[in-house]
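Q: Please take a close look at one helix and the partners it packs against. Then set that part in its wider surroundings.

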Amino acid sequence: MGRKVLGVVLAVIAAFAVGGIALQRDEPINALWIVTAAVCIYLLGYRFYAAWITAKVLSADDTRASPAERLNNGRDFVPTHRWVVFGHHFAAIAGPGPLVGPTLAAQFGYLPGTLWILVGSVLGGCVQDMIVLFLSMRRDGRSLGQMARDELGPIGGIAALIGTLMIMVILIAVLGLVVVNAMKHSPWATSTVAATIPIAIFIGFYLRRLRPGRVLEGTVIGVALLVLSVWGGGLVAQSESLRGVFDHPGAPLAMAVIVYGWCAAILPVWLLLAPRDYLSTFLKLGVVALLAIAIVIMHPVLKMPAITQFVDGTGPLFTGKIFPFVFITIACGAVSGFHALVSSGTTPKLITKETDVRLVGYGSMALESFVGIMAMIAATLLDPGVYFAINTGAGVVGAAAADAVRTISDWGFPVTVEQMQALAKEMGESTLFARTGGAPSLAVGMASIFGTSFGRGLMSVWYHFAIMFEAVFILTTVDAGTRVGRFMVQDLIGQVWKPMARTSWYPSILISSTLIVAGWGYFLYIGVIDPNGGINILWPLFGISNQMLACIALSVATGILIKKTNWKYALVTFGPLAWLALVTTVAALQKIFSADPKLGFFAAASDMAAKLAAGALPADRAAVAPQLIFNQQLDGWLTVFFTVVLWVVIGDMLRVAYRSVRGLPVPQGSEALYVRSQLNGAAGDLHGVGTASEARA
Amino acid sequence: MRQAIAAAKTVWECVRTVSGDNAYERYLAHHAQAHRGTVPLTRREFYAQMTEQKWSGVSRCC
């Protein structure tokens, strides 16, 4: 009864808030409407849809012993309280994606992106994360690739492995580009980001040698040093002699990030990666909480229109119509294929009771999606003119400030050079024009939120704090991603040449690290020399690859559900799969076949080749044109490859589904047998069941 | 008041567990119960193993 009342109340509030958002067309809307609608929709999804899926579709059974209980070894398999696993899992899935995607998608207005973040997560992303987590847990924590191989067959398995490797390369490149663009000609940002490296190394030594394993202590010291480095960066920016040391254009910064990534991949993890991750996790959780509080205190009015004229495909940040590109661009905030890798990694080994997957899988993704909503608010509370001036590349609106403001004002988003200069001065930057990539505009938005809520005098510090936060976040993903990519390359080459498979053999480490860094380094470098900012090419490519990975995960899940339950229940994953496959394929086909050089990769290549041959390009552009032409063609072929991999996996899943429905033999899969749980109903104490509690007794 | 202190303790334990701060204590407790009679790893050895293990798979995302 109480459940029904709660549901009705939530539904009424949600309907009211969504109605308020949708109907307030001609007047600005307050961000609190969006926050209210979002929270109610997540709660409804969690309370009803997720509960129904766990009970009926998955038949989660708390009398069944989880792998954490059966294989408890006190290290990776440990029954752990569900709120602790929730914390672990959220820290693992939360990355910079939901911050960047919504910021870019705001070019369509606040409404399309917001709606997809909400609908996509509740019906797609959260469901995917929860079900993959559950399926992996039932299979003793097997990875997505292993499940694809066991449940569909070798083709699905190989496709999943290659797809993962490719998305990793594109992901690291695009994130590297975001950091480079945030540091470009900004001595403050560059020196602060540079300072995070020695700070991380110091904490690495601290945790390894001085005070082994005292994680909280080390983290608190490290975060204090990071905050100091933000302040120190301000001093560097003011110092005549030091400023020059950290004031660089994009290309050398990109080379620095590439060299850094290579070093991070071959150095021991305790030295750089592990301590950096402790700091980034702490900052991440802190900033997310602080941002939520500050948005409620500030309750800003969104200045961006609900829908802009750019839904027709002429957007300046990236080209493409609202369908399918709003879905491709939002990516991680709604559905992220990458999460399936984490959900089938460490998390399933910690689950105590099967029904915990609802909080851990569905709940974490709902929170992650809320981070996307906050990024959307931070982007759309800016004056639209300012938003477009920061986020549009010089190749689109012209390098001169006067040209840029004229073009952007002509779009109907008035902005002046003086306004931009004043804003740049307030943020402690020399300019904010054409700072593509999303990080600077998000930082301006966050600085306004924090500044208004907690003290306006420190805007430039808030801005650089936000930049530092994003950079620490992103560099952790660069480090971790390069390392995972290295393992995959070692695994792949190791199948042909055995010695490469030895993960700790130094020649193997060097070769595989160099290969993976060269892969993403190439895309990063091209992105930096691209006069349009690079993001407009790389982000859609990333979105397509990420959604493709989600399709692979949903295919594996659908295949298993069809084998295990009846086909109607498999619709909970087949529905999102069908939609994402449609979106991804349409986007990919447009990127491949469109004759518009701003949209189609091959069209862009031939357009530029024609201009180069006719001598129509200015000298600086002609110099880089051959590389850009090659890159556009490469991106085009890569998109073809993604599409083929996607449909191979879907085809493999449909084959297994058909055979299963017809009663023909199908791969048996690897689900563990039922063992009765010895743990009583209460799902563990906070220490982890069977360890501290039993030792005390 | 007593309840507030108990709640604060629970939250603190939760923070320690999520961050991995008490991982060694939990390992020792598990070891004492499951592998009675053998010598457990030292704090330094345990931390080194944990770190290596955590970063040998996909543990961070986009």
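A: Start with two helices of chain A in this predicted model. Helix H13 covers residues 273-298, and helix H16 covers residues 357-380. Their axes come within 11 Å and cross at roughly 55 degrees. H13(A) and H16(A) are therefore oblique to each other, since the angle falls outside the ranges for roughly parallel, roughly perpendicular and roughly antiparallel. The crossing of H13(A) past H16(A) is left-handed.

Now look at the side chains' owners. From H13(A) come A:Val288, A:Leu291, A:Ala292 and A:Ile295. They meet A:Val371, A:Met374 and A:Ile377 of H16(A). By class, this contact of H13(A) with H16(A) has seven nonpolar residues, no polar ones and no charged ones.

H13(A) has another partner. This is helix H22 of chain A, residues 459-494. The axes of H13(A) and H22(A) lie 9 Å apart, and the packing angle is about 135 degrees. That makes H13(A) oblique to H22(A), because only angles over 145 degrees count as roughly antiparallel. Here, too, the crossing is left-handed.

Which residues of H13(A) meet H22(A)? They are A:Leu273, A:Arg276, A:Asp277, A:Leu279, A:Ser280, A:Leu283, A:Lys284 and A:Val287. Across from them, H22(A) offers A:Phe469, A:Val472, A:Phe473, A:Leu475, A:Thr476, A:Asp479, A:Ala480 and A:Arg483. The contact of H13(A) with H22(A) divides into nine nonpolar, two polar and five charged residues. Set that beside the contact of H13(A) with H16(A), where the charged count is zero: no charged residues, and seven nonpolar ones.

Next, step back to the whole of chain A. It has 28 helices and two strands. Its C-alpha trace spans about 70 × 60 × 55 Å along the principal axes. The radius of gyration of chain A is 25 Å. A compact globule of 697 residues would have one near 26 Å, so the value for chain A agrees. Of the 697 residues in chain A, 59% are buried. Consider also the contacts in chain A between residues at least 6 apart in sequence: 82% of them join residues at least 24 apart.

Is helix H5 of chain A buried or exposed? H5(A) spans residues 97-105, and nine of its nine residues are buried, so this helix is largely enclosed by the rest of the structure. The buried residues of H5(A) are A:Gly97, A:Pro98, A:Leu99, A:Val100, A:Gly101, A:Pro102, A:Thr103, A:Leu104 and A:Ala105.

A:Gln678 gives the contrasting case. It sits in the loop between helix H27 (619-662) and helix H28 (692-696) of chain A. A:Gln678 has 10 C-beta neighbours inside 10 Å, so it counts as exposed. From A:Gln678 to A:Ala401 is 69 Å in space, C-alpha to C-alpha, and 277 residues in sequence.

Finally, chain A touches chain B. The contact takes 45 residues from chain A and 35 residues from chain B. On the side of chain B, helix H1 (2-19), helix H2 (23-34) and helix H3 (43-54) each supply at least two residues. H2(B) gives the largest share, 10 residues. By class, the side of chain B that touches chain A has 16 nonpolar, 11 polar and eight charged residues.

Key:
Residues numbered from 1 in each chain as written. Chains lettered and ligands numbered in written order. Predicted model: local features only at pLDDT ≥ 70, side-chain atom pairs only at ≥ 80, totals over all residues. Axes fitted to C-alpha atoms, helices over the stretch in contact; angles between N-to-C directions. Helix = DSSP H or I, 4+ residues; strand = E, 2+ residues; numbered from the N terminus. Parallel < 35°, antiparallel > 145°, perpendicular 65-115°, else oblique. Left-handed = near helix turned anticlockwise from the far one by under 90°. Contact = placed C-beta atoms within 7 Å. Nonpolar A, V, L, I, M, F, W, Y, C, P; charged D, E, K, R; others polar. Rg over C-alpha atoms; globule rule 2.2 N^0.38 Å. Buried ≥ 20, exposed ≤ 12 C-beta atoms within 10 Å, placed from the backbone.
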